[in-house]
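Visitor: Please take me to one part of this structure and look at it closely. Start from a single side chain, then work outward to what lies around it.

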Amino acid sequence: MDGNVPVLSIILRGQLAHFRQPDTSITQATYPFPPRPAMLGLLGSILGLEQSSAAWHDFLKMDHWVGLALLHPIRTVCAQMSLLGKGFLGGSGEFNRPTVVELVVQPHYRLFYSGPMLEQLETMLREGRSVYHTYLGAAFCLSFPCYESTWSAEPIAAQEGLEITVSSVAPQEAVARVQITGGKRYALARATPYQHHGDRTFSGTCTLLYETSGQPLQLRFHAKTPKPFQLVRLSPGNGEVICLW
């Protein structure tokens, strides 16, 4: 990022969310918030990009930057649900299988986006329009994204030893040190998928550091990180700093 760039902030909330961890089967565990591919998928639904279309694959190849902040403490429950088998794939037909699913209760997030689709997304969100249904990970977790603001964001160079307070989740790969503060609870969302190539294929992972109630993080960053990563200061406002990746 060179010079100030616009950053769109979107409010996401719902009754439930489920962002399934791909390495779980018997109990379907959830990430506490949407991984990067899920965030881009939600934006693609607003824009009306069909999953098998050339426009969708072109969208995935674009230079998108996303970030996320928690607006409600993370709380999860486990529930047993009856899930129908996929008989249309062949085999023995439909079956009804009780499955334990972990759910995020009362999810409430602020999603940040900067990239080539910002103006179109801003227009549609301001008008309350979405081409397809939007949901938080699973089709039974409906959510209706709300436009919040468009910020002018000043990139901050990640210098070795730079210590700064951020109000979003942060990729662990970029963090050299966490300043532990009493009364806060720190956690990791491990190995979230990073890049979606379409057709259920992904590459790379990103482990995200967060404070479970959404409080700011006091962090020291590396000068260089293995994946694209950017600190930006939002203005106008209180000049809060967020992480984009």
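Guide: Start at Arg-129, which is partly exposed, with a relative accessible area of 41%. Keep in mind that this is a predicted model. Where does Arg-129 sit? Arg-129 belongs to the loop that links α3 (118–126) to β10 (146–156). Pro-145 is 16 residues away from Arg-129 in sequence. In space, their C-alpha atoms are 9.4 Å apart. Now look at the contacts of Arg-129. Leaving out residues up to four places away in sequence, Arg-129 touches Ile-46, Thr-123 and Met-124.

Next, move to the sheet. Three strands form an open sheet, in the order β12-β15-β14, and the pairing is antiparallel. Strands β12 and β14 are the edges, each pairing on one side only. Helix α1, residues 36–47, packs on this sheet. Helix α1 touches β14 and β15, and its direction makes about 55 degrees with that of β14. Strands of a sheet pair through backbone hydrogen bonds.

Take the pairings one by one. Strand β12 covers residues 170–171, and β15 covers residues 201–211. Two bridges join β12 and β15. Ala-170 has Leu-209 as its bridge partner in β15. On to β14, which runs over residues 186–198. Nine bridges hold β14 and β15 together, again antiparallel. Ala-189 is one residue to check: its bridge partner in β15 is Leu-208. Gly-198 is another, standing opposite Thr-201 in β15. Strands β14 and β15 make a hairpin, with two residues between them. One of the turn residues is Asp-199, which has a positive phi of about 55 degrees.

A charge comes next. Which ring does the charged end of Arg-36 sit over? Its partner is the ring of Tyr-194, and the distance to the ring centre is 4.8 Å.

Now the cysteines. How many disulfides are there in the whole structure? A search finds zero. Cys-206 is in no disulfide. Its nearest cysteine sulfur belongs to Cys-243, 9.9 Å away. Why is there no bond here? A disulfide needs two cysteine sulfur atoms within 2.5 Å. The sulfur of Cys-243 is 9.9 Å from that of Cys-206, so the gap is too far for a bond. Are the two cysteines buried or exposed? Cys-206 is buried because its relative accessible area is 3%, and buried means under 20%. Cys-243 is buried too, at 0%.

Finish with the rings. Four aromatic pairs turn up in a search of the whole structure. One of them joins Phe-19 and Tyr-109. Their ring centres are 6.5 Å apart, and their planes meet at 55 degrees, so the pair is tilted. Phe-19 lies in strand β3, residues 19–20. Tyr-109 lies in strand β9, residues 108–114. The pair therefore ties together parts that are 90 residues apart in sequence. Phe-19 and Tyr-109 are both buried, whereas Arg-129, the starting point, is partly exposed.

How values were computed:
Residues are numbered from 1 along each chain as its sequence is written. This is a predicted model: local features need pLDDT of at least 70, side-chain atom pairs count only at pLDDT 80 or more; totals for chains, interfaces and linings use all residues. Side-chain values use heavy atoms; hydrogens and water are left out. Buried means under 20% relative accessible area, exposed over 50%, partly exposed in between (1.4 Å probe, protein chains only). Two strands pair if DSSP finds at least two bridges between them. Helices (H or I, at least four residues) and strands (E, at least two) are DSSP runs, numbered from the N terminus. Contact means heavy atoms within 4.5 Å. Axes are lines fitted to C-alpha atoms, for helices over the stretch in contact, and angles run from 0 to 180 degrees between N-to-C directions. Rings of Phe, Tyr and Trp (its six-membered ring) pair if their centres lie within 6.5 Å; planes under 30 degrees apart count as stacked, over 60 as edge-to-face and the rest as tilted. A charge sits over a ring if NZ of Lys or CZ of Arg is within 6 Å of the ring centre and within 35 degrees of the ring normal.
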